[in-house]
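Thank you all for coming; I would like to walk you through one structure today, slowly and with the terms explained as they come up. Please keep the display in view while I talk.

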Amino acid sequence: MDTQRDFSLPRLSHCLKTLALLLLFVLSTKLSAADKNVLLDELYENAQLQQQLGWVLSSMTIDQKQYTLPPEVVNTVNQIVKVRYSPDLFKSSMAATLDEALSVGELLKLLDWYNSALGQKILRLEMEANDPRNALRMQAYIEKLSKDLPRTSRIRLIEELMETLDAVELGTELAASASVGAKRILHEVMPINDGRPLRPPEVLKAREKPTIRKGMSDHMRYVYLYTYRSLPDSEIRAYLNFARSTAMQNFQRGQIQAIARIL
């Protein structure tokens, strides 16, 4: 029995050590997840991602002046949009997608960027450009650009930033997702009884993207020229350097994927 006890004690000790390591791993995973959620919340606030919800709502809300639809249909569609794309749903979907897309290290790099002077400056310019109240001002600037373009080196720098941030493809994805989402909601309110089922959203997007993509390159070039018009070349190059990082690349794709999922 003594021999059996001596033999079993090392085995018991080994099992306890293994159990302790597993427990530490589980605890560290939970702590890491909790810490990451804190970082995601901070990034959501610092990058002002909530402002994107305004873009989603405005792109899917029906204006009675633009459509010959009964007022009750317009009101119903707009109410569905308001309820379906609530701030809480938007934030939870964005957080879940960015949790998949970003590591803790990438989150820290993004927070450092948005807390920097240049990061804050660029964010402010982007928020101003996306503000619907600036739509007329942007349009006037774009009309001016069509007659008096900036120097060639400036345009090339802007196009390099567009390419790095995948502006054309991401803009196409957003526009197609919003268009398909709006059409599906309208179909819910006013179903067409022609016996044919509504095509899956992936199919509808694939059909719309080629047409949208045709004009997206010129459109995004004008938008970028307007948005960063006050930045010197040196600051655009600094932004370009950070835009090439895996942190910003994954962040950009994560945002678009989250919005596409919601829509």
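Leu98, if we leave out residues up to four places away in sequence, touches Leu40, Leu49, Phe251, Gly254 and Gln255, where a contact means heavy atoms within 4.5 Å. Leu98 is found in helix 4, and here helices (H or I, at least four residues) and strands (E, at least two) are DSSP runs, numbered from the N terminus. At 3% relative accessibility Leu98 counts as buried, the term buried meaning under 20% relative accessible area, with exposed over 50% and partly exposed in between, for a 1.4 Å probe and protein chains only. The C-alpha atoms of Leu98 and Gly254 are separated by 5.4 Å, although the two residues are 156 residues apart along the chain.

Before I go further, I should say that this is a predicted model, in which local features need pLDDT of at least 70 and side-chain atom pairs count only at pLDDT 80 or more, while totals for chains, interfaces and linings use all residues. Residues are numbered from 1 along each chain as its sequence is written, and side-chain values use heavy atoms, with hydrogens and water left out.

Staying with helix 4, which covers residues 87-101, we also find Met94 there, and Met94 counts as buried because its relative accessibility is 0%. Leaving aside neighbours within four places in sequence, Met94 is in contact with Tyr44, Leu49, Gln52, Gln255, Ala258 and Ile259. The C-alpha atoms of Met94 and Gln50, which are 44 residues apart along the chain, are separated by 9.5 Å.

Gln255 appears among the contacts of Leu98 and among those of Met94, and its own place is in helix 12. Apart from residues up to four places away in sequence, Gln255 touches Leu49, Gln52, Met94 and Leu98, and at 8% relative accessibility Gln255 counts as buried.

Which residues does Leu43 touch, not counting those up to four places away in sequence? They are Gln48, Leu102, Leu107, Leu110, Leu111, Tyr114 and Phe251. Leu43 lies in helix 1, residues 2-46, and counts as buried at 1% relative accessibility. The C-alpha atoms of Leu43 and Leu111 are separated by 6.1 Å, with their positions 68 residues apart along the chain.

Gln48, one of the residues that Leu43 touches, is found in the loop between helix 1 and helix 2. Its phi is near 55°, a positive value in a residue other than glycine, and at 31% relative accessibility Gln48 counts as partly exposed. Asp166, in the loop between helix 8 (152-164) and helix 9, likewise has a positive phi of about 55° although it is not a glycine, and Asp166 counts as partly exposed at 34% relative accessibility.

That loop leads us to helix 9, residues 167-189, whose 23 residues at 1.5 Å a residue should span 33 Å, and its end C-alpha atoms are 33 Å apart, which agrees; the expected span is 1.5 Å times one less than the number of residues. The buried residues of helix 9 include Leu170, Leu174, Val180 and Ile185.

Let me turn to the largest pocket. Rolling a probe the size of a water molecule over the atoms shows where empty space is left. On a 1 Å grid over the protein atoms alone, a pocket is an open set of points where a 1.4 Å probe fits, with protein on both sides within 12 Å along at least five of seven lines, and lining residues have an atom within 4 Å of a point. About 1600 Å³ of space lies in the largest pocket. This pocket is lined by 48 residues, of which Trp55, Asn130, Leu174, Met220 and Val223 lie nearest its centre. Among the helices that each supply at least two residues of the lining are helix 2 (50-60), helix 9 and helix 12 (246-262).

Finally, the chain as a whole: its secondary structure comes to twelve helices and zero strands. Of its 263 residues, 36% count as buried. Among contacts between residues at least 6 apart in sequence, 87% join residues at least 24 apart.

Note on methods:
Grid points are joined across faces, edges and corners, and a volume is the space filled by probe spheres set on the points.
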